[in-house]
Amino acid sequence: MSKRLAEVARKVGVSEATVSRVLNGKPGVSDATRQAVLTALDVLGYERPTKLRGERARLVGLVLPELTNPIFPALAEIIGGALTQNGYTPLLCTQNAGGITEADYVDLLLQQQVSGVVFLGGNYSQADAPHEHYERLRDVKLPTVLVNARIPGLSFPTVSTDDAAAAEQAVLHLYQLGHRRIGMLMGPADHIPSQRKLTAAAPLLERLGAPLRADMVVQGLYSLESGQAGAARLIDGGATAVVCASDPLALGAVRAARRRGLSVPGQFSVVGFDDSALMSCTEPPLTTVRQPIESMGRTVIELLLSQIAGTAEAGDELLFEPELVLRASTGPVPA
């Protein structure tokens, strides 16, 4: 007990006697100091005294599916910074293959009595993934916001880029450059954002007189390696351009074209999605569809804080308009 008091006191910058008063529910401590002590307990991994467990800590879980795609750290930086400005401490929870699952993180965050959770991509975007842990969040009425398109039936407030508009912008750009054999390099088949992009692209290409053939659609993981393998298949099938569901997939497509001896954009055009960090510095600089992550991040915070305050509206999905950013990875169809 004395070790815990000393460690928490050092963390907060107060005396052990002050920490003891907080833990025992004694008066004579300001609300700010009391909250700082409780937050320090959570951060250091100590359980709150039973009588204090009903109070939610000023902690918010940020659950990320990965860190390799730079869009997720960028979103986490924006949202985490805004949380700090509003007096909350973000707890970063990153998944990895064979490691802690999303459901495990939900268990940990509930144990820490967090004030809310923000998911920056996750199982809710995949139809075939497990979703039971979301029911537990709903059962305890924990403020929760999802970023990215979700499966039907999950009523949490959601902030998404308009995937249909993104696909249409990319397809129209390539069509106007003369491309008629346009491939689609997407994420997993059960991934809702990829489904939305395909659902928008196929009828558009049909109306333009360049129907999307089945062999012009490749679905796989959101990685550079998967992008390279998928784009190689599309190139072998005769594609002259490709619309990708992420920037890492697009970079893999550029590599695949070069391995086939094709120049980008002279003989093969590539459009990415996200406009994540350094895409203007690649060779060639990547044409991509930008997600408006600054405005999305601000909206996430507004939705979360309104839930914490008890003034939230129904769990609707808010769609944000993407923007096609023209750089040097797309060009006219080769003669």
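A charge is said to sit over a ring if NZ of Lys or CZ of Arg is within 6 Å of the ring centre and within 35 degrees of the ring normal. In this predicted model, K197 meets that description, lying over the face of F273 at 3.9 Å from the ring centre. An arginine offers a further example: the charged end of R138 sits over the ring of F156, 5.1 Å from its centre. Both rings return below, in the company of other residues.

A look at the whole protein helps to place these details. The protein has 335 residues, and 52% of them count as buried. Its secondary structure comprises 11 helices and 12 strands. Measured out along the principal axes, the C-alpha trace spans about 80 × 35 × 35 Å. Contacts across the sequence are plentiful in the following sense: among contacts with a separation of 6 or more, 70% are accounted for by residues 24 or more positions apart.

The aromatic residues make a good starting point. A search of the whole structure finds 4 aromatic pairs. In one of them, F119 and Y124 are arranged edge-to-face, with 6.2 Å from centre to centre and 75° between the planes. Both F119 and Y124 are buried. F119 also pairs with Y134; the ring centres are 5.6 Å apart and the planes lie at 75°, over the 60 degrees required, so this pair is edge-to-face as well. The pair of F119 and Y134 links distant parts of the chain, since F119 belongs to strand 3 (residues 116-120) and Y134 to helix 6 (residues 132-139), 15 residues apart. F119 has a relative accessible area of 0% and is therefore buried. Y134, likewise at 0% relative accessibility, counts as buried. Together, F119, Y124, Y134 and F156 form one aromatic cluster. F156 is thus a member of this cluster and also the ring beneath the charged end of R138.

F273, the ring faced by K197, leads to another part of the structure. F273 is among the residues touched by T161, together with Q291, P292, M296, L319, F320 and P322, when residues up to four places away in sequence are not counted. T161 itself is found in strand 5 (residues 158-161). Is T161 buried or exposed? With a relative accessible area of 2%, T161 is buried, because this value is under 20%. One of its neighbours, Q291, is also a polar partner: the side chains of T161 and Q291 make a polar contact at 2.5 Å.

Shortly after strand 5 comes helix 7 (residues 163-176). This helix has 14 residues and reaches 20 Å from its first C-alpha to its last, close to the 20 Å expected at 1.5 Å a residue. The N-terminal end of helix 7 is capped by D162, which places a side-chain oxygen 3.2 Å from the backbone nitrogen of A164. Within the helix, D163, A165, A166, A167, A170, V171, H173, L174 and Y175 are buried. Helix 7 is followed by G178, a residue with a positive phi, near 100°.

Charged side chains provide further links. The structure holds 9 salt bridges. In one of these, R196 and E317 bring their closest N and O atoms to 2.9 Å. R196 lies in helix 8 (residues 192-207) and E317 in strand 11 (residues 317-320), so the salt bridge ties together parts that are 121 residues apart in sequence. R196 counts as partly exposed at 25% relative accessibility, and E317 falls in that class at 24%. R213 and D215 also meet through their side chains, in a salt bridge of 3.0 Å from N to O. Here R213 is partly exposed with a relative accessible area of 37%, while D215 is partly exposed at 42%.

Which residue forms a salt bridge with E323? The partner is R290, with the closest N and O atoms 3.4 Å apart. E323 is in strand 12 (residues 323-325) and R290 in strand 10 (residues 287-290), so this pair connects parts that are 33 residues apart in sequence. E323 is partly exposed, with a relative accessible area of 44%, and R290 is partly exposed at 29%. The bridge is part of a wider arrangement, as salt bridges that share partners join D275, R290, E323 and R327 into one network.

Terms used. Residues are numbered from 1 along each chain as its sequence is written. Side-chain values use heavy atoms; hydrogens and water are left out. A salt bridge is a side-chain nitrogen of Lys or Arg within 4 Å of a carboxyl oxygen of Asp or Glu. Helices (H or I, at least four residues) and strands (E, at least two) are DSSP runs, numbered from the N terminus. Buried means under 20% relative accessible area, exposed over 50%, partly exposed in between (1.4 Å probe, protein chains only). A polar contact is a pair of N or O atoms within 3.5 Å; within protein, one must be able to donate a hydrogen and the other to accept it, and residues adjacent in sequence count only if both atoms are side-chain atoms. Contact means heavy atoms within 4.5 Å. Rings of Phe, Tyr and Trp (its six-membered ring) pair if their centres lie within 6.5 Å; planes under 30 degrees apart count as stacked, over 60 as edge-to-face and the rest as tilted. The expected span of a helix is 1.5 Å times one less than its number of residues.
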